[in-house]
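Subject: Structure for your review

Dear colleague,

Please find below the structure that I am handing over to you. My notes on what was found in it follow directly after.

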Amino acid sequence: FLPVYHPSPEESRDPTLYANNVQRVMAQALGIPATECEFVGSLPVIVVGRLKVALEPQLWELGKVLRKAGIPRVWWTSEMWPLH
């Protein structure tokens with residue numbers, strides 16, 4: 001179990017910042033990268049403003065391969081998903 005995560009004053013004013021920081025802490029504890037995508041059913045999507053845009057299956061698979069190869073996410077994320 002992880003310790004209780006208490007929001008900072010800034011996180012209390014910004015729920016998105018709070019959610020991103022909680023996600024980062026959980027991902028670090030699991031030893032996995034935090035991602036900018038979410039799932040609608042089994043379909044990976046990224047949020048662009050108020051829209052949820054489906055990731056192309058080939059890009060999603062490529063992202064999995066790059067992560068498994070240990071290529072830093074910072075290197076390939078902006079190239080693959082320039083919208084966020």
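A polar contact is a pair of N or O atoms within 3.5 Å; within protein, one atom must be able to donate a hydrogen and the other to accept it, and residues adjacent in sequence count only if both atoms are side-chain atoms. One such contact, at 2.6 Å, joins the side chains of Glu11 and Tyr5.

This is a predicted model, in which local features need pLDDT of at least 70 and side-chain atom pairs count only at pLDDT 80 or more, while totals for chains, interfaces and linings use all residues. Residues are numbered from 1 along each chain as its sequence is written, and side-chain values use heavy atoms, with hydrogens and water left out.

Glu11 lies in helix H1, residues 9-13 (helices, H or I, of at least four residues and strands, E, of at least two are DSSP runs, numbered from the N terminus). Leaving aside residues up to four places away in sequence, Glu11 touches Tyr5, His6, Leu17, Tyr18 and Asn21 (heavy atoms within 4.5 Å).

The structure also holds one aromatic pair. The ring centres of Tyr5 and Tyr18 are 5.8 Å apart and the planes stand at 55 degrees, so the pair is tilted (centres must lie within 6.5 Å; planes under 30 degrees apart count as stacked, over 60 as edge-to-face and the rest as tilted). Distant parts of the chain are thereby linked, with Tyr5 in the segment before H1 and Tyr18 in helix H2, 13 residues apart.

Yours sincerely

Note on methods. Rings of Phe, Tyr and Trp (its six-membered ring) pair if their centres lie within 6.5 Å; planes under 30 degrees apart count as stacked, over 60 as edge-to-face and the rest as tilted.
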